[in-house]
Amino acid sequence: MYEKLALYIDGEFIDGEGRKTEDITNPATLEVLGQLPHATQADLDRALDAASRAFQTWRHSSPTERSDILRKVAQLSREQAEQIGRNMTLDQGKPLAESIGEIKSCADHADWHAEECRRIYGRIIPPRKPEVRQMVLREPIGVCAAFTPWNFPYNQAIRKICAAIGAGCTIILKGPEDAPSTIVALARLFHEAGLPKGVLNIVWGVPHEVSDYLIRSPIVRKISFTGSVPVGKQLASLAGAHMKPATMELGGHSPVLVFDDADIGRAAKQLARFKIRNAGQVCVSPTRFYIHDNVYDEFLEAFVNTLSTVKVGDGLDAETEMGPLAHERRVPTMTRFVEDAVGLGGKVVLGGEPLDRTGHFFSPTVVTDLPENAMLMTEEPFGPIAPMTRFSDTDDVIRRANSLPFGLSSYVFTTSLQTATQASNQLEAGMVNINHFGSALPETPFGGVKDSGMGSEGGSETFDGYLVTKFVTHV
Ligand code: NAD
């Protein structure tokens, strides 16, 4: 059964009841799955009031109480992964194995936050006079407003919710209207786990209307957003105008540097598989390929061979390795990237077109011989397209990798320790992966630099954005 879509405010699930609703469709079949109710202004006010009231109690909850609830959510996520994952495939499109894998890995995120929230410590600073005590306390910042995207709907939401409530904050989350089922499921699991009412609230609506209203509210003390750079900049500016800290996990344009001493066959296969994960709709997807001249032909052949065998189809089909794009507007965007590249001399060596079938499908695509100023090399494609370019000099390729305003993830394939060290020192990115894909584990920090964002989620840094520092001294 597809999840019954609802708002979740002050511990209550609220359905349409005269509210504006929007149809949720399956991107593989275009079938309507359900109706998502939009929050009215009164609903938003009620969520603000509930989060504000709940904060007065939740801020004093013991870390063990918070930890027990997060652990229960981890357990329920594992138990219900098949059902929640199936619904994610229905409204988001990714293959079922990826959906179920996302829910299970999110259980690990909840467990990590359950452990770490017991270790939010202050410190004592030695005084200048023996009768003085100086203490640094770390307190929850207050009511948080979070806005999460559709590409990893469960993952992006659970990380923000666990960090906020683990720190003792309360939260109002506007999930992705394009893929809402897993967020409602998450609210259900927190409800079942015994989270007090008002600590978590879920709302839906027109994104800019909801974010504008919540960010301006004096009740909200912190903003967290995952999504595109332009929207992130708008929300961060508004948060700044109201002196509210913001964690921003924004887009990237991840460079891949393949050196001629790497295991080329292995790198090509791994990168091709990683490229089509979630149909390339991943903020850390490898998106700009720089291949050493000496191994370019060998890499390209192995990469194209692997990508050409990928089975594209409905994510519920067990054979499917790549699903549709999550919504209609992504398909013409992919076509624009390819047309721009071709207009500038690029050659499409694989794919390049939407698939001729129902649903928002685009074929796995490889483009070569395109200049550095092609859209594909300067803007994040956020889809299954890989642009290939060459390099011959290490300093020059690092300069090219750093030439964009983004700095989220980066990938290096080399067996030289010297090259690996130089690349990890000099790449301007929040994450550098050398010879494998190792980002986004609960215990490791995830975040970008430059236009790709501010702050980290995960790792021991995970609560930093949700705490404020208070200094107390007494004699
Ligand atoms: P978009 O910029 O329209 O939306 C991105 C996300 O932000 C969506 O979930 C949307 O609902 C939300 N959003 C948009 N305007 C908002 C506002 N004013 N207030 C609050 N939320 C708002 O782009 P799109 O077509 O949905 O997605 C494509 C682009 O988004 C990609 O190019 C990619 O860079 C970016 N994106 C990044 C991530 C990520 O994990 N960093 C995830 C999804 C999308």
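Ala, Val, Leu, Ile, Met, Phe, Trp, Tyr, Cys and Pro are counted here as nonpolar, Asp, Glu, Lys and Arg as charged, and the others, Gly among them, as polar. In the predicted model, the lining of the largest cavity divides by these classes into 6 nonpolar, 6 polar and 2 charged residues. The volume of this largest cavity is about 70 Å³, and the count of cavities of 30 Å³ or more comes to 1. Its lining consists of 14 residues, with Pro255, Ala401, Phe406, Glu428 and Ala429 nearest the centre of the cavity. Two or more lining residues are contributed by each of strand E12 (254-258), strand E17 (406-407) and strand E18 (409-413).

The ligand is surrounded by 23 residues, of which Trp150, Ser211, Ser228, Arg329 and Glu380 come nearest. Two side chains place an N or O atom beside ligand oxygen: for Glu380 the separation from an oxygen atom of the ligand is 2.4 Å, and for Trp150 the corresponding value is 2.9 Å. Pro207 is paired with the ligand through its backbone, an N or O atom of which lies 3.4 Å from a ligand nitrogen atom.

Ser67 belongs to helix H2, which covers residues 63-79. Because its relative accessibility is 0%, Ser67 is classed as buried, the cut-off for that class being under 20%. When neighbours within four places in sequence are left aside, the contacts of Ser67 are with Ala114, Cys117 and Arg118.

Conventions. Residues are numbered from 1 along each chain as its sequence is written. This is a predicted model: local features need pLDDT of at least 70, side-chain atom pairs count only at pLDDT 80 or more; totals for chains, interfaces and linings use all residues. Side-chain values use heavy atoms; hydrogens and water are left out. On a 1 Å grid over the protein atoms alone, a cavity is a set of points where a 1.4 Å probe fits but cannot get out, and a pocket is an open set with protein on both sides within 12 Å along at least five of seven lines; lining residues have an atom within 4 Å of a point. Grid points are joined across faces, edges and corners, and a volume is the space filled by probe spheres set on the points. Helices (H or I, at least four residues) and strands (E, at least two) are DSSP runs, numbered from the N terminus. Buried means under 20% relative accessible area, exposed over 50%, partly exposed in between (1.4 Å probe, protein chains only). Contact means heavy atoms within 4.5 Å. A residue is near a molecule or strand if one of its heavy atoms lies within 4 Å of it. A polar contact is a pair of N or O atoms within 3.5 Å; within protein, one must be able to donate a hydrogen and the other to accept it, and residues adjacent in sequence count only if both atoms are side-chain atoms.
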